[in-house]
Amino acid sequence: MYFEPYDIIVVGAGHAGCEAAAAASNMGSKVLLITMDLRLMASMSCNPAMGGIAKGQIVREIDAMGGYSGVVSDRTMIQFRMLNKSKGPAMWSPRCQSDKMMFSAEWRSLLEKTPHLDFWQDTVTGLIIKGDQVKGVKTMMGGEIGSKAVILTNGTFLNGLIHIGEQHFSGGRMGEVAVHGFTEQLKEIGFEAKRLKTGTPVRIDGRTIDFSKLIEQKGDDEVVGFSYTEPFRITKQRSCWIAHTSLKVHETLRKGFKHSPMFNGRIQGVGPRYCPSIEDKIERFAGKDSHQLFVEPEGWTTEEYYLNGFSSSLPDYIQYEALRQIEGFENAKIFRPGYAIEYDYFPPEQLHHSLETRLIHGLYFAGQINGTTGYEEAACQGMMAGINASLMLKDEKPLVLSRSEAYIGVLIDDLITKGVDEPYRMFTSRAEYRILLRQDNADTRLTEMSHKLGLAKDERYQHYSRKKEKVAEIMEFLQENHVYPDQINGLLEEKGSSAIDQKTRMSYILLRPQLDLFDLVKHVESLAERYDTTDRFIRECLEEAEILIKYDSYIQKENELADKLNRLENVKLPSDFDFQSLQSLSYESREKLNQYKPETLGQASRISGISPADINVLAIFLGR
């Protein structure tokens, strides 16, 4: 073929592949993105939404570092909600419904405007390997394309097998072919491969839904969005809706259990615990008479709806019969049935924290190939793989985010140190430092670092610097200025808070849980004159300043804990360390340490089954 060698080849244009290609190209690498179908870049093959609990934090982190997921989400959203707003700010999580066709089109448009990035529509069927170094890829068209690094983001396409009742057929997604032979080559090299499964529900014709019987779920009045720099905000939104199953629905679904590939053993892969199929929910929660479903529009101009919570691999006629017994769906018609898909993945213990494989230099894995589930989890891995492949080509050390720096760091560390025995999904509960890893401060945590790498552009860095200065100015003003009883007691009474009888520092008043900073701005003239709360940038700065003041003691405690535990991350373990030689470690610990090959004491401490006593033994051996 006529291709000149590339710095990096990215295989697959899902969410991981798109972010990988964007990051590597924006850092100056010459990149080729190869995908089966250029029309389906970053396709939303499951639910048409971005963000959610912990996932929204990841999208904001990607954006803070200069990735595209937040920008694309903001430009294509049809509804926005900030979840968990009734809880503390550590739990606030942005989420949007997206126009799925616009989402793919916007991703392609952004990538086509990205310098140093080329595209090729083809199927990669194997790797070119020389010794322990990747040298490029082989394609279905018979070509060999050379490169210094390869990033695999194959999604569910490796030996993909689709199941609908007793029917099963090869496919990477419905209507798209699977890839065969790739896994086998990697296994011959020495990689371990396993199987996982995921699923998706029926798609419904919205013209046949009786929405009057459903509970409407509108978007937020204030659309915060994901991107720190994207100016676009929607002015109208589409509603989602809530429906419920019933015992009658469950009885109908049970009729198909004998034909279910999940129950009769045809599906060998493990499914996602936190996003189970409807038949799995009925079986596991047999005492529940009803399950909640979310009816989600797929775009501005389509009547196609996604029934979140009704994922199924039962026979299509069973799915259809059960659907029509849900209130509001008595006359429903479907565009296509739900299905389950099994696919190969490679246990991520075979990777370094840079996402480069331990066996082959220059080969990186990102996304579902590592056992994760979800667009956001895939996208952040792709970005990190793109960054680290580019750094590797410059002979610079890889970027490894710590667990106290980003949810991205938590995710990757979990994968490498704990492994995966079911599709991995991010939750806030997985992070030890939730107060530090808020959605509002992702730019504070990550933009300066990314700018030094050359990924976050000057405009983004200047926006971050301006925000940092404004937040500091607001905090200083609140700490140095006072309010008087006649200014504030009316508000305090209205909010059910005790009155003051002398002048009080504004920052001290703000510590009261009944008040927020926007209340003070409305009632204190000096604040109202100083800060225009109709300005989005000012609102963001006020909100972050308030969080930093209200939660200062908690933030300090978490920072102290993070500093203490991060000291373990600085204690390196030799790459050729023979853990079997330490007889004072338990047999299980020696086996696991040799299997996972942790690079630091901190990583070793997070491996399941490794006790504090084991870490003490290692520390003593290393002279610590």
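In what order do the strands of the open sheet of 3 strands lie? Keep that in mind as you start. The model on your screen is predicted.

**Stop 1: a sheet of three strands**

Select S3, S4 and S5. They form an open sheet in the order S3-S5-S4, and the pairing is antiparallel. The edges are S3, residues 49–51, and S4, residues 77–83. Each of these edge strands pairs on one side only. Now look at how the strands are turned. Neighbours in this sheet are turned by 15° against each other on average, direction ignored.

Zoom in on S3 and S5. S5 covers residues 93–98, and 3 bridges join S3 to S5. The two strands run antiparallel. Pick glycine 51. Across from it, in S5, stands arginine 95.

**Stop 2: strand S9 and its partners**

Go to S9, residues 144–152. Three pairings of this strand are worth a visit.

Begin with S1, residues 6–11. S1 and S9 run parallel, with 5 bridges between them. Select isoleucine 8. Opposite isoleucine 8 you will find alanine 149 of S9.

Next, add S8, residues 133–139. S8 is joined to S9 by 3 bridges, and these two strands run antiparallel. Click valine 137: its bridge partner in S9 is isoleucine 145. Then follow the chain from S8 into S9. The two form a hairpin with 4 residues between the strands. Which residue of this hairpin takes a positive phi? Select glycine 142, where phi is near 95°.

Last, show S20, residues 363–365. S9 and S20 run parallel and share 3 bridges. Valine 150 has leucine 363 in S20 as its bridge partner.

**Stop 3: a sheet of six strands**

Now select S13 to S18. Together they make an open sheet of 6 strands. Trace the order across the sheet: S14-S15-S16-S17-S13-S18, with antiparallel pairing. S14 (215–217) lies at one edge and S18 (334–336) at the other. Each edge strand pairs on one side only. From one strand to the next, the twist averages 35°.

Walk through the sheet pair by pair. S15, residues 240–244, pairs with S16, residues 292–297. The pairing is antiparallel and runs over 4 bridges. Select alanine 243; its bridge partner in S16 is leucine 293.

Move on to S16 and S17. How many residues does the hairpin use to join them? Count along the chain: the hairpin joins S16 to S17 through 6 residues. The two strands run antiparallel, joined by 4 bridges. Valine 295 is bridged to leucine 307 in S17.

One pair remains for this stop. S13 (203–205) is joined to S17 (304–308) by 3 bridges, again antiparallel. Pick arginine 203 and look across to tyrosine 306 in S17.

**Stop 4: two helices that pack**

Select H2, residues 55–64, together with H11, residues 442–453. The two helices pack at an angle of about 35°, and their axes are 8 Å apart. Is the crossing left-handed or right-handed? For H2 and H11 it is right-handed.

Show the side chains at the contact. On H2, select Arg60, Glu61 and Ala64. On H11, select Ala442, Asp443, Arg445, Leu446 and Thr447. Colour them by class. In this contact of H2 with H11, 3 residues are nonpolar, 1 is polar and 4 are charged.

**Stop 5: the second largest pocket**

Finish with empty space. Rolling a probe the size of a water molecule over the atoms shows where such space is left. The second largest pocket holds about 980 Å³.

To find the pocket, select His353, Val400, Leu401, Lys572 and Gln603. Of the 38 lining residues, these lie nearest the centre. Then switch on the helices. Five to show are these:

- H9, residues 375–393
- H10, residues 407–418
- H11, which you met at the last stop
- H18, residues 552–569
- H20, residues 601–605

Each of these helices supplies at least two residues of the lining. Which helix gives the largest share? That is H18, with 4 residues.

Colour the lining by class to end the tour. The lining has 12 nonpolar, 14 polar and 12 charged residues.

Conventions: Residues are numbered from 1 along each chain as its sequence is written. This is a predicted model: local features need pLDDT of at least 70, side-chain atom pairs count only at pLDDT 80 or more; totals for chains, interfaces and linings use all residues. Side-chain values use heavy atoms; hydrogens and water are left out. Two strands pair if DSSP finds at least two bridges between them. Axes are lines fitted to C-alpha atoms, for helices over the stretch in contact, and angles run from 0 to 180 degrees between N-to-C directions. On a 1 Å grid over the protein atoms alone, a cavity is a set of points where a 1.4 Å probe fits but cannot get out, and a pocket is an open set with protein on both sides within 12 Å along at least five of seven lines; lining residues have an atom within 4 Å of a point. Grid points are joined across faces, edges and corners, and a volume is the space filled by probe spheres set on the points. Ala, Val, Leu, Ile, Met, Phe, Trp, Tyr, Cys and Pro count as nonpolar, Asp, Glu, Lys and Arg as charged, and the others, Gly among them, as polar. A crossing is left-handed if the near helix is turned anticlockwise from the far one by less than a right angle, and right-handed if clockwise. Contact means heavy atoms within 4.5 Å.
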